[in-house]
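Subject: Structure for you to look at

Hello,

Here is the structure I promised to pass on. Please open it first, then read my notes below with the model on screen.

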Amino acid sequence: MTYCVAMRLESGLIFASDSRTNAGVDNIATFQKMYTFEMADRLRLVMMTSGNLATSQSVASLLDLRSRRDGPDSLRSIGSLYDAAVLVGQTLREVIARGGDGQVDLGSSFLLGGQLAGERPRLFNIYPQGNFIEATADTPCFQIGETKYGKPILDRVLNYRSSLEEAIRCALISLDSTMRSNLSVALPIHLMWHRNDDFSPRSPLRIGEDDGYFRELRAAWGRGIKETFAALPTTPWSEELA
């Protein structure tokens with residue numbers, strides 16, 4: 001299992017993913033779930049994956065291989081981010097079609113976002129069937145993987161006009177909340193952001209156990225929750241229950 005969250009905001013894009021994969025309590029490993037593709041001053045793409053690891057790695061490898069040349073199946077040839085989402089969906093269906101007899105679940109989900117010069121930043125949620133939906137101002141955030149534990153803070157705090165800095169804090173707390181409640185999601189976290197029209201080279205930031213800011217953030221969040229709970233109004237039955 002894994003957890004990935006991506007946000008399409010007024011000022012840019014945020015991507016965050018954990019790195020744990022497991023096939024049982026005695027078979028746990030760490031794999032990066034975030035892939036990036038850049039063309040100087042023209043294109044930045046970020047893709048995150050959840051689901052069958054062999055499928056997602058095959059899709060990422062095929063996209064990378066074909067993008068080293070020009071052609072209809074190359075990310076270098078896309079005319080829009082929509083074309084990139086179509087290409088990822090087609091590649092996913094291709095990998096699944098040749099992957100087996102249907103006895104094993106080969107499905108994977110993808111979050112794909114970025115910007116092509118001359119076009120606004122866009123974000124897509126690509127389903128295991130290869131079809132997809134796009135983020136909007138009303139729905140600026142997508143999640144894949146173990147989504148339920150990290151969703152409440154996104155619903156309460158995040159909106160389309162949130163700053164990139166606020167959104168990063170929200171994404172990290174969302175991941176921390178998920179890790180606290182589900183052992184199949186774990187550090188390190190990979191974090192990436194894209195400011196509108198900024199194509200300067202950037203690699204994903206890796207946040208591990210030794211990251212001082214993340215330790216401070218999760219400790220402050222835990223204290224804040226306890227303090228807020230303690231300040232809640234007492235129930236009408238407090239005297240009877242005492």
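Start with threonine 178, which sits in helix H4. Keep in mind that this is a predicted model. Is threonine 178 buried or exposed? Its relative accessibility is 0%. Buried means under 20%, so threonine 178 counts as buried. Which residues does it touch, once neighbours within four places in sequence are set aside? Threonine 178 is then in contact with Tyr3, Glu146, Tyr149, Gly150 and Val185.

Helix H4 also leads to the largest pocket. Helix H4 spans residues 164-181, and it supplies at least two residues of that pocket's lining. Helix H3 (151-157) and helix H5 (212-230) each do so as well. H5 gives the most, with 5 residues. The volume of the largest pocket is about 360 Å³. Its lining has 13 residues, and those closest to the centre are Asp176, Ser177, Trp221, Gly222 and Ile225. What kinds of residue make up the lining? There are 6 nonpolar, 2 polar and 5 charged.

Now find helix H2, residues 81-97. H2 has 17 residues. From its first C-alpha to its last it reaches 24 Å, close to the 24 Å expected at 1.5 Å a residue. Which residues of H2 are buried? They are Leu81, Ala84, Ala85, Leu87, Val88, Gly89, Thr91, Leu92 and Val95. What do these buried residues pack against? Their partners are one helix and several strands: helix H1 (53-66), strand E6 (43-51), strand E7 (108-116), strand E8 (122-126) and strand E9 (132-134).

Last, step back to the whole protein. It holds 6 helices and 12 strands. The radius of gyration is 19 Å, and the globule rule gives 18 Å for 242 residues. The two values are close, so the protein is as compact as a globular protein of that length. Along the principal axes, the C-alpha atoms fill a box of roughly 75 × 45 × 35 Å. How much of the protein is buried? Of the 242 residues, 47% count as buried. Contacts link distant parts of the sequence too. Take the contacts with a separation of 6 or more: 63% of them are between residues 24 or more positions apart.

Best wishes

Terms used
Residues are numbered from 1 along each chain as its sequence is written. This is a predicted model: local features need pLDDT of at least 70, side-chain atom pairs count only at pLDDT 80 or more; totals for chains, interfaces and linings use all residues. Side-chain values use heavy atoms; hydrogens and water are left out. On a 1 Å grid over the protein atoms alone, a cavity is a set of points where a 1.4 Å probe fits but cannot get out, and a pocket is an open set with protein on both sides within 12 Å along at least five of seven lines; lining residues have an atom within 4 Å of a point. Grid points are joined across faces, edges and corners, and a volume is the space filled by probe spheres set on the points. Helices (H or I, at least four residues) and strands (E, at least two) are DSSP runs, numbered from the N terminus. Ala, Val, Leu, Ile, Met, Phe, Trp, Tyr, Cys and Pro count as nonpolar, Asp, Glu, Lys and Arg as charged, and the others, Gly among them, as polar. The expected span of a helix is 1.5 Å times one less than its number of residues. Buried means under 20% relative accessible area, exposed over 50%, partly exposed in between (1.4 Å probe, protein chains only). Contact means heavy atoms within 4.5 Å. The radius of gyration is taken over C-alpha atoms; the globule rule is 2.2 Å times the number of residues to the power 0.38.
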